[in-house]
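Here are a few notes to read with the model open beside you. I begin with the overall build and then turn to one sheet.

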Amino acid sequence: MSRFKSDFLRTLDERGFIHQISDEAGLDELFAKETVTAYIGFDPTAPSLHAGGLIQIMMLHWMQKTGHQPISLMGGGTGMVGDPSFKDEARQLMTVDTIESNIASIKRVFSNYLDYDAATAPALMINNGDWLREINYLEFLRDVGRHFSVNRMLSFDSVKTRLDREQSLSFLEFNYMILQAYDFVELNKRTGCRLQMGGSDQWGNIINGIDLGHRMGTPQLYALTSPLLTTSSGAKMGKSMNGAVWLNPDMLSAYDFWQYWRNTEDADVSRFLKLYTTLPMDEIARLSALGGSEINEVKKILATEITAMLHGRENAEQAAETARKTFEEGALADNLPSIEVPKSELEAGLGLLSLIVRAGLAASNGEARRHVQGGAVKINDQSMSDERQVIGAGEVTADGVIKLSLGKKKHILVRPV
């Protein structure tokens, strides 16, 4: 029996999204009696969010699903400063053009999860640059800055860990929490927003916003954070052997995205079904009870459901079919990831190690060499044991490609052009 009476908090609770809430009873009451507007902020530090941010996007998705209004707040203003929370060093500063370009790129993902054209409670996409870039510094110090105690700001874990390690924290970064707090107050003024959500590392920043709202006369504001997720083996969510698991399709294909979730550790399957899919809880319970070799079938369902939300059902099923053909039939599927190599280079001969690096299967020749020495590399399904092997036009198959494989699950087609 859930401790919550509102659909939204009950859904979040049973699916494992809740880490902390500032006033459980008050927020539950609010959600039970009215349409609530809530936001999560996304800083545009890259042209795409990665899979680590999916938990936040899913929280907004469930908000709208249960009849409330989500705001995806883009950090067009805060992105000029960079969030210092729990970072070892300052982020590289970005130009306004880079920030705007990143925001335009990131936006494309959200419409797969949120309905910005809904007849009731449509999702809102707002950019905090709309108000932060217009601020008059002296007025801001007088009207907002006076409400902040430096002593208290220094006590926050996100700041303290940096100072305890005697790492520099610039005045610019120190201002970030003031700007984020002000966002909450501004959004309340503009949209009636009452709740800010985020990862558990944002707790101090969100509480700051609630305190500032209290001092500046807003209604009661609320905080809700999700747990910071790692995989069962301690790996950071959203990171794979080849780097970040990007959400934008031009940065990571539907097939590679599907593969990331297909490779989920056994111990994480049930948790990820709850967090990252919209499958009903009784179906998740049924799938979670399966064990032995059946767990691999459940992982395929997990991968397909998550990929379908982001890339569309057709692309997800195509990715699953490509994987099935490649792994179960040993066939060459046309829609495997591929790279193009000039025919002239193949005719001259390409070193195996440099081809592995070029295909993105290793970051360096040294790493590629270790893969070869470990027996993990195949060309056209034949094991390669000689790191000095030269790959040439003779390896091009009747299908007009060379199949380069790393282990059982990573395959790249090399296409001569």
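1. Overall build. This is a predicted model. A compact globule of 417 residues would have a radius of gyration near 22 Å, and the protein has 24 Å, so the two agree. If you want a feel for the outline, the C-alpha trace spans about 75 × 50 × 40 Å along its principal axes.

2. Make-up and packing. You will find 19 helices and 15 strands as you scroll through the protein. Of the 417 residues, 49% are buried. Among contacts with a separation of 6 or more, 72% are between residues 24 or more positions apart.

3. Surface and charge. The protein has an accessible surface of about 19300 Å², and carbon and sulfur atoms hold 48% of that. There are 43 positive and 53 negative charges, and their mean positions lie 2 Å apart.

4. The six-stranded sheet. Please follow the strand order here: β1-β6-β5-β2-β3-β4, an open sheet with mixed pairing. Which strands stand at the edges? They are β1 (20-21) and β4 (124-127); each has a single partner strand, so one side of each is left without a neighbour in the sheet.

5. A pairing to look at closely. As a reminder, strands of a sheet pair through backbone hydrogen bonds, either parallel or antiparallel. Strand β2 (residues 37-42) and strand β5 (residues 195-199) run parallel and are joined by two bridges. To find your way in, start from Ala38, whose bridge partner in β5 is Leu195.

How values were computed:
Residues numbered from 1 in each chain as written. Predicted model: local features only at pLDDT ≥ 70, side-chain atom pairs only at ≥ 80, totals over all residues. Heavy atoms only, no water. Helix = DSSP H or I, 4+ residues; strand = E, 2+ residues; numbered from the N terminus. Rg over C-alpha atoms; globule rule 2.2 N^0.38 Å. Buried < 20%, exposed > 50% of the residue type's maximum accessible area, 1.4 Å probe, protein only. Contact = heavy atoms within 4.5 Å. Areas by Shrake-Rupley, 256 points an atom, 1.4 Å probe, with all protein chains shown as cover. Lys, Arg positive; Asp, Glu negative; His and termini not counted. Charge placed at Lys NZ, Arg CZ, Asp CG, Glu CD. Pairing = 2+ DSSP bridges.
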